Structures are given as C-alpha cells and as structure tokens.
Amino acid sequence: MFCGMSHSSVTPSVAELTDLTGKVALVTGGAQGIGLGIVRRLHEVGANVVIADINKETAEQAAAEFTADRVKAVVGDVSNADDAAAIVRATVEAFGGLDILVNNAGIFPGAAFVDVDPEVARRTFEVNLLGVLVVSQAAARQLVEQGRGGRIITVNSVESVNPSVLGLGHYSASKHGVHGLIKTMALELAPHGITVNNVCPGGTLTPGLTGLLDDDTIAAIAAQNPLGRLAEADDIARAALFLASDLGSYLTGTQIVVDGGRTLRGAMY
Ligand SMILES: NC(=O)c1ccc[n+]([C@@H]2O[C@H](COP(=O)([O-])OP(=O)(O)OC[C@H]3O[C@@H](n4cnc5c(N)ncnc54)[C@H](O)[C@@H]3O)[C@@H](O)[C@H]2O)c1
C-alpha cells in the first residue's frame with residue numbers, strides 16, 4: 001500500500017520512501033528518451049517495469065538492457081482503447097498487478113497554426129490526450145479493483161502552461177487538455193488512494209527532439225535557458241520518481257514544471 005492511503009506516526013527514511021521493491025510500473029513510450037530514463041530509475045529502486053511502445057524493435061532493444069524477469073516490452077498504440085486495455089492486461093499477466101502508470105508516449109510534430117494539417121493535429125490530440133485518457137482508464141480500473149492505491153503520472157509539457165516556441169499550437173492544445181483531464185481524474189480516484197499528477201518538461205535531449213532540430217537550434221534553446229542547458233531525460237525521470245514514490249504521497253491533481261526556469265522567459269520567436 002502506498003503511504004498516501006494512510007498516515008503513519010513513524011517517520012520513514014528517504015531510502016524507505018523511495019523503495020519501490022515489488023511494485024509494478026507501466027511506462028508508455030518507454031523505448032527511448034524520457035520514457036526510458038523513467039524506466040531506468042523505477043527499475044533502480046526495485047520496481048518491475050513494462051515498457052509499452054508502438055515501436056516493437058526499439059521497445060525490445062530497451063528491455064534487453066535489463067533482465068527479463070524485471071523488465072518486459074509490450075507493443076501497442078496508446079491512442080487505441082483496445083491496445084490500452086491489452087497493455088494493462090499484459091502488465092498484470094507479466095507481474096501480477098499494477099501500481100504505477102507513467103503516461104509518457106507523445107508526439108510533437110511542428111507546424112504554424114495557419115499551416116497545420118488538421119490530420120496532423122488530430123493525430124497529436126489522439127496520441128497525447130486521448131492516449132492518456134484511455135490508458136489511464138484501463139489502468140484505473142485495475143488499480144480500483146486491486147484496492148491498494150496507486151500512482152498515475154503523465155509526462156506533460158511546459159506547453160501546457162504557456163508556449164515556449166512558435167509552431168506547436170496543436171501540441172500545446174493537447175497538453176493543456178491533459179492538465180484539464182488529470183484534475184478530474186485526481187478527484188475521482190482520490191477515494192481509492194490513487195494520486196494523479198503531471199511532470200512538465202521543457203526542452204529535453206531525446207531522440208525525438210534531436211531528430212527534429214539541428215545543432216544550432218539546440219544551442220539557441222540552451223542559451224535561452226536560465227540554467228544554460230536543455231534537460232537530460234534523467235532530469236525528468238527524477239521528478240517522475242518523486243511522484244511515483246512515497247516522497248510524493250501528498251500531491252494529487254497538480255503539475256511539476258521541470259524546465260530549468262525556461263517558462264519564466266516566455267515564447268522564443
Ligand atoms: N523532448 C522534449 O523536449 C519534451 C519536452 C516536453 C515534453 N515532452 C514529452 O515527453 C514525452 C516523451 O518525449 P520524448 O522526447 O522522450 O520523445 P521520443 O520521440 O524520443 O520518444 C517517444 C516514445 O513514444 C513512443 N510512441 C509514440 N507514439 C506512440 C503511441 N501512439 N503509442 C505508444 N508509443 C508511442 C515512440 O515510439 C517513442 O519510443 C512526450 O509526451 C513529449 O510530449 C518532451
């Protein structure tokens with residue numbers, strides 16, 4: 001049982017608070033980037049982890065980094081409700097239950113508002129917003145049935161707060177939607193001891209980002225950041241670990257912005 005469900009008079013140590021031995025975590029989009037960073041940290045503190053990704057090859061490569069008895073790869077598209085249910089079922093079959101869902105799968109195709117193809121916008125909403133809804137729904141049903149609480153963490157974005165660059169209006173809308181969604185999820189799931197929170201990265205060096213931007217643009221983004229660099233995947237994974245563990249026992253319905261102070265500077269033109 002997570003500490004969020006009951007209050008103990010004994011103050012646990014930090015090591016106890018972050019010990020996830022025997023917990024079961026499901027990380028969508030866990031084959032690379034931020035998702036894989038989160039898989040590594042959850043594995044390190046003892047959780048058994050399922051990597052659910054649309055890309056079979058990279059998912060299996062990522063899982064091969066770990067022993068098969070602790071990390072498994074499952075293939076699925078988070079925007080498809082049947083796949084979402086199957087991913088959760090596969091997790092329960094692999095490790096006997098579910099404790100922590102990390103909704104991390106996401107896409108960020110760029111296009112100016114006046115140019116964006118509605119089909120690109122639709123796919124962005126489907127993966128980034130509907131995907132969070134259907135995977136969280138399947139996971140929540142399992143968590144409620146188990147009756148031992150749980151954690152739902154979504155890797156959202158600073159774009160859910162304010163634009164940081166131009167050309168991501170559709171993406172920004174999907175991420176604002178996630179912020180709206182988790183507030184009601186948090187209220188409805190609180191009676192079951194399930195907390196629901198977001199981590200909001202700023203620019204983070206992942207295959208998804210470095211495949212989109214050239215070195216000069218990345219250097220310009222780093223120069224705009226108060227801390228003078230983009231995030232590494234592990235900077236985001238540390239905040240996700242905080243929310244997944246009992247360090248984050250009393251947070252629900254909220255977002256943690258992990259952007260090196262970037263949102264203080266407004267949109268970059
Ligand atoms: N990298 C950044 O700068 C940044 C900033 C803010 C927020 N984010 C968010 O972080 C999350 C991860 O981003 P990243 O940079 O690591 O991306 P990435 O492209 O490097 O990795 C994303 C992973 O998700 C998988 N995926 C994509 N669509 C999927 C689907 N429909 N179903 C299942 N899996 C799918 C991909 O195969 C890939 O393994 C996303 O939600 C993104 O919006 C990233």
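Let's start at the ligand. Thirty residues surround it, written as 30 in my notes, and of these Gly29, Gly33, Gly106, Thr206 and Gly208 come nearest. Keep in mind that this is a predicted model.

What is the shell made of: how many nonpolar, polar and charged residues? The split is 12 nonpolar, 16 polar and two charged. Which helices supply at least two residues each? Helix 2, residues 33–44, is one of them. Helix 5, at 118–146, and helix 7, at 207–210, do so as well.

Now the sheet. It is open, it has seven strands, and the pairing is parallel. Reading across, the order is 3-2-1-4-5-6-9. Which strands sit at the edges? Strand 3, residues 71–75, is one edge, and strand 9, residues 255–258, is the other. Each of those two pairs on one side only. From one strand to the next, the twist averages 20 degrees.

Take one pairing in detail. Strand 1 covers residues 24–28, and strand 4 covers residues 100–103. They pair in the parallel sense, over three bridges. Leu26 has its bridge partner in strand 4, and that partner is Leu101.

Just a word on Gly22. You'll find Gly22 in the loop between helix 1, residues 14–17, and strand 1. Buried or exposed, and why? Gly22 has 12 C-beta neighbours inside 10 Å, so it counts as exposed. The cut-off for exposed is 12 or fewer. Gly22 also has a partner far off in sequence to look at. Asp99 is 77 residues away along the chain, yet the C-alpha to C-alpha distance is 9.5 Å.

On to the helices that lie across the sheet. Helix 3, residues 56–63, lies across strand 2, at 48–53, and strand 3. Its direction is at about 175 degrees to strand 3. Helix 6 spans residues 169–189. Helix 6 lies across strand 5 (150–155), strand 6 (194–201) and strand 9. Against strand 6, helix 6 runs at about 160 degrees.

Back to helix 3 for its buried residues. These are Ala59, Ala62 and Ala63. Why do they count as being on the same side of helix 3? Because they cover an arc of only 100 degrees around the axis. And what covers them? The cover includes helix 2, strand 2 and strand 3. Helix 2, you'll recall, also supplies at least two residues of the ligand shell.

That's the tour. Over to you.

How values were computed
Residues are numbered from 1 along each chain as its sequence is written. This is a predicted model: local features need pLDDT of at least 70, side-chain atom pairs count only at pLDDT 80 or more; totals for chains, interfaces and linings use all residues. Two strands pair if DSSP finds at least two bridges between them. Helices (H or I, at least four residues) and strands (E, at least two) are DSSP runs, numbered from the N terminus. Axes are lines fitted to C-alpha atoms, for helices over the stretch in contact, and angles run from 0 to 180 degrees between N-to-C directions. Two residues are in contact if their C-beta atoms, placed from the backbone, lie within 7 Å. A residue is near a molecule or strand if its C-beta atom, placed from the backbone, lies within 6 Å of it. Ala, Val, Leu, Ile, Met, Phe, Trp, Tyr, Cys and Pro count as nonpolar, Asp, Glu, Lys and Arg as charged, and the others, Gly among them, as polar. A residue is buried if 20 or more other C-beta atoms lie within 10 Å of its own, exposed if 12 or fewer, and partly exposed in between; C-beta atoms are placed from the backbone. The arc is that of the directions from the helix axis to the C-beta atoms.
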